[in-house]
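Please read the points below with the model open beside you, and check each one by eye as you go.

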Amino acid sequence: MTKPHIRETAVHTLWPVLVLERYFSGADAFNAELVQTAKRAVEATGVSSGPYYFTKRRYNIFSSERGPAIRQLGRMVCEAVRDLLKEGYKEDQSHKISLSGWPMWQTDETAVGAHHHAGNHFSAVYYAQVDPPRAGYEQGIGGSLSLLDPRPANRNFELAGARRYHERKTRSFAVKSGMLIIFPAYVVHHVPTYFSDGVRVAFAVNINLQHPTLTETFVDEDDLAP
Ligand SMILES: [Fe+2]
């Protein structure tokens, strides 16, 4: 009996989570200015992280801070969103982009629990300063950005021999200053405990899009007053 030959094979990538990862060089002065901005914001609001606290204070770093570095950061995020839409989603329309952002100031032994930003289209994080982590119980992933696979039945990460459940379905990005990462807002993510003698200063951004053909047809509720 002759062994059948493989005639044709196709491997399809289904239901991918598209993530944009971008690094900027020559950003030292820019990052230093952002760190100062974050410091001011944290001191002014009394909170070091979390959209809920800033939202309560109606705080949006892009409207509350008008310095050139923040405006530059906003433009960098918008450009990256357009690149992700074009390269990842093959979207050639020019969407209207709205941003809401806040600083995250992390010190030794801080973590961010698993959460998502559903209600927005995309989430972005830019890292202005990430001092090297010390070894901790989560050595190697402490302070990383860990995205969880959103497919509830996916168990494929077990094949990689991961020891702990949360690692099996997680893609961890080792973050460093000058890094921008953008992912769909529905993706659950967390920051494993950061052990460091320094700080981890990031800016989180919620991104909302309006399709160009819809933008002009929406009517605000306020405009419907009798
Ligand atoms: Fe987040």
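1. The place to begin in this predicted model is the open sheet, which is built from 4 strands in the order β3-β8-β5-β6, with antiparallel pairing. Strands β3 (110-115) and β6 (170-173) stand at the edges and have a single partner strand each, so one side of each is left without a neighbour in the sheet. From one strand to the next, the twist averages 25°.

2. Within that sheet, it is worth looking at one pairing in detail: strand β5 (residues 145-148) and strand β8 (residues 189-194) run in the antiparallel sense and are joined over 2 bridges. If you select Ser146, you will find that its bridge partner in β8 is His190.

3. The helices deserve a similar look, and here the pair to choose is α1 (residues 28-45) with α4 (residues 68-87), which pack at an angle of about 110° with their axes 9 Å apart. Because angles of 65 to 115 degrees count as roughly perpendicular, α1 is described as roughly perpendicular to α4. The crossing in which α1 passes α4 is left-handed.

4. Which residues of α1 and α4 make the contact? On the side of α1 they are Phe30, Glu33, Leu34 and Thr37, while α4 contributes Ala69, Ile70, Gln72 and Leu73. Sorted by character, the residues of this contact divide into 5 nonpolar, 2 polar and 1 charged.

5. Two residues in loops should be checked for their backbone angles. Lys90, found in the loop between α4 and β2 (96-106), has a positive phi of about 55° although it is not a glycine. Is Lys90 buried or exposed? Lys90 is exposed, since it has 7 other C-beta atoms within 10 Å, and a residue counts as exposed if that number is 12 or fewer.

6. The second of these residues is Glu109, placed in the loop between β2 and β3, where it takes a positive phi of about 60° although it, too, is not a glycine. Glu109 has 12 C-beta neighbours inside 10 Å and therefore counts as exposed.

7. Finally, some totals help to place these details in the chain as a whole, which contains 6 helices and 9 strands. Of its 226 residues, 27% count as buried. Among the contacts in the chain with a separation of 6 or more, 87% are accounted for by residues 24 or more positions apart.

Key. Residues numbered from 1 in each chain as written. Predicted model: local features only at pLDDT ≥ 70, side-chain atom pairs only at ≥ 80, totals over all residues. Buried ≥ 20, exposed ≤ 12 C-beta atoms within 10 Å, placed from the backbone. Contact = placed C-beta atoms within 7 Å. Axes fitted to C-alpha atoms, helices over the stretch in contact; angles between N-to-C directions. Parallel < 35°, antiparallel > 145°, perpendicular 65-115°, else oblique. Left-handed = near helix turned anticlockwise from the far one by under 90°. Nonpolar A, V, L, I, M, F, W, Y, C, P; charged D, E, K, R; others polar. Pairing = 2+ DSSP bridges.
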